[in-house]
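Student: Please take one part of this structure and go through it closely. I am new to it, so a connected account would help.

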Amino acid sequence: MPPDFASVAIVAGVVAVALAGVLIYRHLVRRELARTRAQLTETRDAHEHLSRESAQREQRMRQAEHQIREAERRAGEAAEEARELRAQQDLARVETEHLLSTRIPALVSHLRASHVIVPGLQNPALAGTDVDRQHHAVLDSISNAVRDEAVRIDEAAQAVVRGAMARVQTQALRAQDLLAAVQRRYSGDEHTQLLREVLGLDMFNELIVRRAQATGIACGATTGLSRDDTYLVDLVVGAIARVENFDQRIEGPANHLRRRVGVAARAAEPVLFVTSELLANAVHHSHGTLKVTIAVHETNTGAAIVIDDAGVGLNEEQYARASRLLSGRHAVRLVDLGNPPHTGWAAIGRQVAQYGMQVTVKKSAYGGVQAVVSVPAALLVEMPESTRPSVLAPEPVRSVVAAPYQRMPEPAGAPRPAHAVTASSSASVAASRVGRETAAALPAQATALTDAQADAQAGPDTGPAGIEGLPGLPQRRRQSPRRVPSSAAAGPLTTPEEAQKRWGDFQTGAEAGRREAMPSHQDDATEGN
């Protein structure tokens with residue numbers, strides 16, 4: 001092989017080796033570059049990641065700083081709210097103490113007496129707040145609870161009083177029957193003093209019946225007595241007889257009725273009760289020397305009983321209270337009647353509301369009080385012509401209408417005719433009904449009755465002219481003036497003993513009539529449980 005070919009082969013081998021080395025080196029360099037590039041990429045990624053993390057960290061730090069600042073602000077607000085809440089709590093605590101110590105006791109006192117004022121909030125700044133509304137709710141709840149409990153207790157108390165007064169009234173009526181039996185048993189002339197004392201006891205027993213009746217009615221009971229249809233004037237006379245010292249304190253009744261006006265059986269005792277309570281109240285509030293007058297009138301709507309006194313009168317507040325109680329339109333509790341309870345007006349109000357009557361009070365012409373009992377026509381009846389009022393009832397007062405009343409000239413010193421007897425003398429006759437007249441007054445009563453009988457027997461040509469438009473009315477007859485009898489012509493005078501015996505016989509007959517009109521045996525409705 002020639003030498004050039006070998007050199008060329010060597011050179012080619014060297015070049016090939018060099019080229020292979022270059023290729024290998026290039027491959028190694030590329031691989032290193034790839035590794036380096038990968039590392040750079042990783043480093044860049046790591047740097048970017050670190051940058052992102054740094055940014056996020058900074059953002060979180062900024063958020064944390066913002067949250068810290070927000071938390072500090074909220075903490076400040078919370079502290080401010082806490083201070084405000086503590087201040088409000090202190091105000092509420094002080095206001096609650098004021099509620100417990102002042103407002104609730106004042107409310108309880110106000111429920112007992114309406115003139116007591118319940119104070120408001122101690123701090124006006126709390127008006128309209130939840131504290132104000134809650135305190136008002138508490139006061140309303142207490143008020144309703146106290147009222148409900150008071151009503152329940154008052155109803156229970158009224159039930160107890162009704163039962164007690166029913167028993168007292170029953171026993172007093174039995175005592176009245178026993179006293180009447182004693183009067184009949186000892187009506188002889190030899191028992192004058194005993195009879196006078198028994199009649200006094202009977203009067204006091206009548207007062208007990210009236211007081212028990214008024215107390216029971218004020219608590220919702222009935223009158224406890226029943227009557228038939230009765231002349232209105234007789235009821236007025238009976239009401240007068242139920243008042244203590246009526247013969248000295250009450251003048252009348254003046255009878256202005258022109259017809260046979262009676263009261264239906266269902267309302268007879270209530271009318272009598274209302275009239276007696278008003279009379280007793282008028283007498284109680286009048287001076288001992290002042291008279292209480294009573295008159296009976298007809299009205300367009302029925303009848304009216306007018307009672308006038310010259311007592312101490314009432315102020316505006318008392319008039320308002322009287323009108324409220326007498327109207328019967330308002331519920332009345334026992335605690336509203338004072339201590340001790342004054343049950344008269346409340347009892348009248350219950351009867352007025354139940355039977356449709358009306359009682360009004362105003363200042364009288366004498367400076368005292370005028371009470372008017374209006375009885376509606378629905379409670380009135382026309383009494384039969386076959387009946388007459390009792391002998392104790394005054395005759396109707398006649399006014400001059402058509403023919404003037406001509407009186408005959410009277411001789412000097414002659415007594416007045418019997419028909420001129422005033423209503424005050426009729427009251428003294430009514431006084432004898434329950435034994436309040438003394439033995440010295442009994443002859444005068446007998447004389448008055450004798451004169452009335454003489455009036456009834458007088459001839460028709462001696463009477464005054466009748467009242468036009470009212471046929472069938474009882475007429476009072478004129479009689480000639482009585483002359484003073486001479487000592488020779490005068491008959492024997494009625495002695496007190498004879499008058500007493502006559503009156504005893506009259507009471508015996510009246511008692512028999514009352515027994516026939518009432519049940520023979522009265523059961524005590526309050527016995528048992």
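Tutor: Contact here means heavy atoms within 4.5 Å. With that cut-off, and setting aside neighbours within four places in sequence, leucine 232 is in contact with Leu257, Val261, Gly262, Val263, Val271, Val296, Ala303 and Ile305. The model is a predicted one, and the part to look at is the surroundings of this leucine.

Leu232 belongs to the largest nonpolar core, which has 56 residues; Leu232 and Leu279 touch the most other members. Helix H6, residues 265–284, supplies the largest share of this core, with 11 residues. A second core, separate from that one, has 5 residues, among them Leu99, Ile104, Leu111 and Leu139. As a general point, nonpolar side chains in soluble globular proteins tend to be buried together.

Leu232 also lies in helix H4, where it is buried along with Val233, Asp234, Leu235, Val236, Val237, Gly238, Ala239, Ile240 and Ala241. That is 10 of the 10 residues of H4 (residues 232–241), so the helix is largely enclosed by the rest of the structure. For the protein, buried residues make up 34% of 529 residues.

Two of the contacts of Leu232, Val261 and Val263, lead to strand S3, which covers residues 261–263. S3 is part of an open sheet of 3 strands, in the order S1-S3-S8 and with antiparallel pairing. Strand S1 (230–231) and strand S8 (380–382) are its edges; each has a single partner strand, so one side of each is left without a neighbour in the sheet. S3 and S8 run antiparallel and are joined by 3 bridges, with valine 263 opposite leucine 380 in S8.

Other contacts of Leu232, including Val296, Ala303 and Ile305, lead to another sheet. This one is open, has 5 strands in the order S2-S4-S5-S7-S6, and its pairing is mixed. Its edges are S2 and strand S6 (358–363), each with a single partner strand, so one side of each is left without a neighbour in the sheet. From one strand to the next, the twist averages 15 degrees.

Within this sheet, strand S2 (residues 250–255) pairs with strand S4 (residues 292–299) in the parallel sense, over 4 bridges. Isoleucine 250 has valine 292 of S4 as its bridge partner, and asparagine 255 has valine 296 of S4, the valine that Leu232 contacts. S4 and strand S5 (residues 302–308) run antiparallel and are joined by 7 bridges. One bridge pair here is histidine 297 and alanine 304 of S5. A hairpin of 2 residues takes S4 into S5.

Helix H6, named above for its share of the core, lies across S2, S4, S5, S6 and strand S7 (369–376), and runs at about 20 degrees to S5. Val271, one of the contacts of Leu232, falls within the residues 265–284 of H6.

To place this part in the wider picture, the protein has 11 helices and 8 strands. Among its contacts with a separation of 6 or more, 76% are between residues 24 or more positions apart.

Definitions and conventions:
Residues are numbered from 1 along each chain as its sequence is written. This is a predicted model: local features need pLDDT of at least 70, side-chain atom pairs count only at pLDDT 80 or more; totals for chains, interfaces and linings use all residues. Side-chain values use heavy atoms; hydrogens and water are left out. A nonpolar core is a set of buried Ala, Val, Leu, Ile, Met, Phe, Trp, Tyr and Cys residues joined through side-chain atoms within 4.5 Å. Buried means under 20% relative accessible area, exposed over 50%, partly exposed in between (1.4 Å probe, protein chains only). Two strands pair if DSSP finds at least two bridges between them. Axes are lines fitted to C-alpha atoms, for helices over the stretch in contact, and angles run from 0 to 180 degrees between N-to-C directions.
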